[in-house]
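Dear colleague,

Please find below the structure that I am handing over to you. My notes on what was found in it follow directly after.

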Amino acid sequence: MIVVAGEALIDLVPQARGDVLTPLLPARGGGPYNTATALGRLGGEVCFCSRVSSDGFGSSLLARLEEEKVGVGLVQRGPEPTTLAVAAIDAGGSASYSFYVEGSADRLFEMPGELPPGTQALSLGTCSLVLEPGASAYEELMRREAERGVFIALDPNIRAGLIPDADAYRARFRNWLRHVSLLKLSEEDADWLGADVPGWLSAGPAATVVTRGGDGLTVFTRGGAEISVPGEKVEIVDTIGAGDTVNAALLHVLALRGLLSPSALDTLDSDGWSEVLGFAARAAAVTCSRAGAEPPYADELPPLTAKG
């Protein structure tokens, strides 16, 4: 079981590039929500942990999770509105966002009880670790589960416009690292956070994966290894959800290989990491080939087999 904790929201996706008055199409999204959806599509056992509005958007968000066989037993409900993220798509298909978050349901998340039996990993990130009071509850959940020996995966997925004090956030990020087993972030996020991969690894994670857009992915391990794979060439529609798909693909392969522990990650050699990263690159390419956060199903990717 992998638990994904964080926000679920509605992306308003422009139907044409470069025109701020183009029609906007609602799409279900949010970094953690996309990660949970992608894990469900890949066939993993996954549960979503969040607070979701009881409005129409919230009901639609939950319905999709259930369609993708994602557990919703840890989802809290509230009458507040669903967060909205207005996307802007540049000429290359890259997305940026403006958020409408005041008084929304997901930021009122409260610390849950015990996670499902057999939970091996907890994945967190994006807006949920920024917006109070929910951010403190997610942080406490991270700490509690790390102390229980659960594998913690973190994707900061920086949304700078939502962070009122950048230095304070960077300090919090460094404090989280002692609880983190796997850190994944984009090149842009890494630069914003100070581009200190060696320092981050020394603080806790067994490995840090950096995504480089069309150039692929690189993993840095605390053992000193650096392994890269190229990106998959694809006609890009947009990049919405690509990083979240990488999160899901990494966790899916590591779970299949029995590697959801820091000590197990230390045993993964260059060939093993190349396979893990290559699968994530292929999965992200599929997501980029279609509009919105639409990650691939397992049968759209080369098959994986479990290994000891």
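**Overall architecture**

The secondary structure of this protein, which is a predicted model, comprises nine helices and 13 strands. Its radius of gyration is 18 Å, close to the 19 Å that the globule rule gives for 308 residues, so the protein is as compact as a globular protein of that length. Along the principal axes, the C-alpha atoms fill a box of roughly 50 × 45 × 40 Å. Of the 308 residues, 55% are buried.

**Backbone features**

Three places in the backbone deserve your attention when you inspect the model.

Glu 132 and Pro 133 are joined by a cis peptide bond, with omega at about 5°. Pro 133 belongs to the loop between strand E8 (121-125) and helix H3 (134-147). The loop between E8 and H3 also holds Thr 126, which has a positive phi of about 65° although it is not a glycine. Thr 126 counts as buried, because its relative accessibility is 5% and the limit for a buried residue is under 20%.

Lys 69, likewise not a glycine, has a positive phi of about 65°. Its position is in the loop between helix H2 (56-67) and strand E5 (71-78). Lys 69 is exposed, with a relative accessible area of 70%.

**Salt bridges**

Side chains of opposite charge can pair when their charged atoms come close. A search of the whole structure gives 17 salt bridges, and several of them are described here.

The side chains of Glu 102 and Arg 107 form a salt bridge, at 3.6 Å from N to O. Glu 102 is exposed, with a relative accessible area of 70%, whereas Arg 107 counts as buried at 15% relative accessibility.

A second salt bridge is formed by Glu 275 and Arg 257, whose closest N and O atoms are 2.8 Å apart. This pair links distant parts of the chain, 18 residues apart: Glu 275 is in helix H9 (residues 270-288), and Arg 257 is in the loop between helix H7 (242-256) and helix H8 (262-265). Glu 275 counts as partly exposed at 28% relative accessibility, while Arg 257 is buried, with a relative accessible area of 7%.

Arg 290 and Glu 300 also meet through their side chains in a salt bridge, at 2.9 Å from N to O. Both residues lie in the segment after H9, so the pair ties together parts that are 10 residues apart in sequence. Arg 290 is partly exposed, with a relative accessible area of 25%, and Glu 300 counts as partly exposed at 36%.

In addition, salt bridges that share partners join Glu 132, Glu 139, Glu 140, Arg 143 and Arg 172 into one network. Glu 132 is thus a member of this network as well as a partner in the cis peptide bond with Pro 133.

**Surface charge and a contact between distant residues**

Glu 187, Glu 188, Asp 191 and Asp 215 form a negative surface patch. Within this patch, Glu 187 is located in helix H5 (residues 187-192) and is partly exposed, with a relative accessible area of 36%.

Finally, Arg 170 lies in helix H4 (residues 166-176) and is partly exposed, with a relative accessible area of 25%. The C-alpha atoms of Arg 170 and Gly 194 are separated by 8.3 Å, the two residues being 24 residues apart along the chain.

With kind regards

Terms used. Residues numbered from 1 in each chain as written. Predicted model: local features only at pLDDT ≥ 70, side-chain atom pairs only at ≥ 80, totals over all residues. Heavy atoms only, no water. Patch = residues over 30% accessible without salt bridge, like charges linked within 9 Å, V, L, I, M, F, W, Y side chains within 5 Å. Areas by Shrake-Rupley, 256 points an atom, 1.4 Å probe, with all protein chains shown as cover. Salt bridge = Lys/Arg side-chain N within 4 Å of Asp/Glu carboxyl O. Lys, Arg positive; Asp, Glu negative; His and termini not counted. Charge placed at Lys NZ, Arg CZ, Asp CG, Glu CD. Helix = DSSP H or I, 4+ residues; strand = E, 2+ residues; numbered from the N terminus. Buried < 20%, exposed > 50% of the residue type's maximum accessible area, 1.4 Å probe, protein only. Rg over C-alpha atoms; globule rule 2.2 N^0.38 Å.
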